Structure formats: C-alpha cells, structure tokens
Amino acid sequence: MTIHPRDLPVPFDPDAPAVGDGVYGLPHTPEEAAVVLVPVPWEATVSYGAGTANGPAAILAASRQVDLFDRETGRPYERGIAMLEIPEEVRGWSDAARDAATAVIEVGGLDVVSSGDPKVARLRSDLEHRVSKVDALGVRMNDWVESTVEHWLDQGRLVGVVGGDHAVPFGAIRAHARRHPGLGILHLDAHCDLRDAYEGFRWSHASIFHNVCEQIDGVGKLVQVAIRDYGSREDAYVNASKGRIEVFFDADIKRRQQDGETWTALVKEIVARLPRDVYLSFDIDGLDPVLCPHTGTPVPGGLSFAETVSLVRHVAESGRRIVGFDLCEVAPDPAGVSEWDANVAARLLYKMIGFALRSI
C-alpha cells in the first residue's frame, strides 16, 4: 500500500526520505500547489531514438531523490509543487500516432516518394493517409495541452509542461502568449526545430518553433541557445525573421569562450535579447549528452549543467519574469539499467521551478 505524506501522523519533513507518490515526494495536490506540472507522454514523430513518452514517469520517479533545500533558490517546495496524473488517453494517442508514423519515417518522409509510377502512387496514398492521421492526433494533443494549461493558468498557477518529445509545448506556448503579448521564448536545444512539416508531419518535434512563429502572433521573440544541428532552410528562416529569432550557436559560444570571454558575459548578452515576460522551452539535448545520453537525438557539444542553471538564474535576476516553462525529450535508459537522464532532468526541473518562482 502506498502511504501518502499527508496520511502520516507527523508533519512533513523536507529532510526525510521521500514518502508517497507526489513529485519530489511532496504532499501537495494541484489545488494546493503554486506550481502545476502537466505531463505529456507523447512521441509521435521522433525519427532517431525513442522513449521520450516515458520521460514524465521517469522524471516523477527520479524527483524523489532530489534534496528539497536548494542553495540558489531556497525552498521552492514550500510554495507547493504538484504533477497531474500522467494521462493514459494522451499516451494512447501517442501510440496510435507512432504506429501510423513509423512507415513514413522508415522511407525517409513523405516527400521522398514520387507519385509517377502507379505502384509508387499507391504507396504515397497510404503514406499520406498515415500523415493525416498523425497530424489529426497532433491537433488533439495540442488542444488537450492548451486547455489543460489554460485551466491551471486561470487558477493563478505557474504551469510547466513535462514531455514527451518537443512537439508537446505548442499548446502551452499559445496559452501563455495569449496572456503575455510579446512573450519571449528562451529555447535551449541542440536543434533549431524550425523545419516546415518535417518528413511530412505538420506537428513534428522538429517543427515546433516553425509552428510557433507562423501561428502564434503573441510570441514576440525567440532566442535559441546551444544550437549545433540545423539545416540550410532553417538558417535562411532565421535570417528572414528580421530579428524575431536570434540564435546563439554552440560553435560560436565555444569559440568565444576559448578566446577568453566568460560565460557570465555571454549569458548577459543572451538575456538582454529577451523581453520582460519569458517562457523557457528546454530540450534536454541542449545539454552535453554526457548528461542525457539516452535522449532521442543526442549531439556532441552543448551546455554543462552549471552553465544551464546559470542561464536560468540570470533570467530571473535580470528583473524578467519566467511565466511558464517546459522540459522535453528526456528518455530513460531503454535497458532499464541507469536512471541518469531522469535524475539530471528532475534536478534541472527543480532549478527551473525555483528560479521561476523567484522571478514572479
């Protein structure tokens, strides 16, 4: 039988081993908590490694090993942090979408298939049907995320999304941008995610910020950090954005550090590009893959844990408000041997929560 902390005859002790099933071992319900985490077990279009749909559950389990007193943010747990139940319905949509997407991904995407030959035309027709199914389920997922986030924002909560692949925060960003016109997004990632309908899928994880820029007018600025894998069309899209998108490429960051610039100076330059209201959208592969080896598309390079935390800290200390956030692409070890990825993610998530609470 699971024992919940609130059922115990003694007061909750933040220094004791975690007891119960709440995130970070905390006893709060969503109705009591200042921070509500929305888990989204979705990975329809991942095109390399899989497993991110298991990310929310893995982070939840790993979170109970995190000490609650934090030297930089103090006691964020005192404000209350709760994760909603992991929605089986959304996981079902993800599984159905993944089943439909697999055949498309295996041939290299919809655009690879020409319809000149009758046999190829039949194949393309089948693939187009699969893409339509995936896109429809993606819309359903986006609407669910948006309505869920909207509900908790209406209750005055700070809301974060826990993915899942990086397609999942579109609805959350739309909900936050509606409340904060001119919203700035600080995007940590190895990839730009600015592709148009990648492999034919409109709601691909590789298209999230193309969709945001094209469909959410309330987003005034997108600042991307640690990018090191991107295409020429994405580069052209950034250049055509007239400053709405700014990218701090990993290679440029590393060169400037090698030439003697401090990380603090670089971070201040990054933060200066952001407006007052900031939404954090973090793909775990923005970190050095030593920290997240099982993420779907790891790329050499990236930020250390300390550099990433410093980036968030400078946003909070600059007078800007962190109004929402997401953490995506965490995939547990498929062999079930290591909990390292989720351990890192749970600790980064706690830092994001702590600094966000300090900023608002």
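**Exercise 1. Decide whether Y230 is buried, partly exposed or exposed.**

Step 1. Take the relative accessible area of Y230: 38%.
Step 2. Apply the cut-offs: buried is under 20%, exposed is over 50%, and partly exposed lies in between (1.4 Å probe, protein chains only).
Step 3. Y230 is therefore partly exposed.

The model is predicted; local features need pLDDT of at least 70, side-chain atom pairs count only at pLDDT 80 or more, and totals for chains, interfaces and linings use all residues. Residues are numbered from 1 along each chain as its sequence is written, and side-chain values use heavy atoms, with hydrogens and water left out.

**Exercise 2. Classify the aromatic pair of Y24 and Y350, then place both residues.**

Step 1. Rings of Phe, Tyr and Trp (its six-membered ring) pair if their centres lie within 6.5 Å. Planes under 30 degrees apart are stacked, over 60 edge-to-face, and the rest tilted. The count by this rule is three aromatic pairs.
Step 2. For Y24 and Y350 the centres are 4.9 Å apart and the planes stand at 50°, a tilted pair.
Step 3. Y24 sits in the segment before β1 (35–40) and Y350 in helix α10. They are 326 residues apart, so the pair links distant parts of the chain. Helices (H or I, at least four residues) and strands (E, at least two) are DSSP runs, numbered from the N terminus.
Step 4. Y24 is buried, at 2% relative accessible area. Y350 is buried too, at 2%.

**Exercise 3. Do the same for Y230 and F249.**

Step 1. The ring centres of Y230 and F249 are 4.8 Å apart and the planes meet at 35°, so this pair is tilted.
Step 2. Y230 is in the loop between β5 (219–227) and α6 (232–239), while F249 is in strand β6 (residues 245–249). The two are 19 residues apart.
Step 3. F249 is buried, with a relative accessible area of 14%.

**Exercise 4. Describe how helices α9 and α10 meet.**

Step 1. The axes of α9 (residues 305–317) and α10 (residues 340–359) come within 9 Å and cross at roughly 15°.
Step 2. That makes α9 roughly parallel to α10; the cut-offs are under 35 degrees for roughly parallel, over 145 for roughly antiparallel, 65 to 115 for roughly perpendicular, and oblique for the rest.
Step 3. Contact means heavy atoms within 4.5 Å. The residues making it include F305 and V309 of α9, and L348 and F355 of α10.

**Exercise 5. Find the surroundings of T148.**

Step 1. T148 lies in helix α3 (residues 118–154).
Step 2. T148 is buried, at 13% relative accessible area.
Step 3. Leaving aside neighbours within four places in sequence, T148 is in contact with V38 and L84.

Note on methods: Axes are lines fitted to C-alpha atoms, for helices over the stretch in contact, and angles run from 0 to 180 degrees between N-to-C directions.
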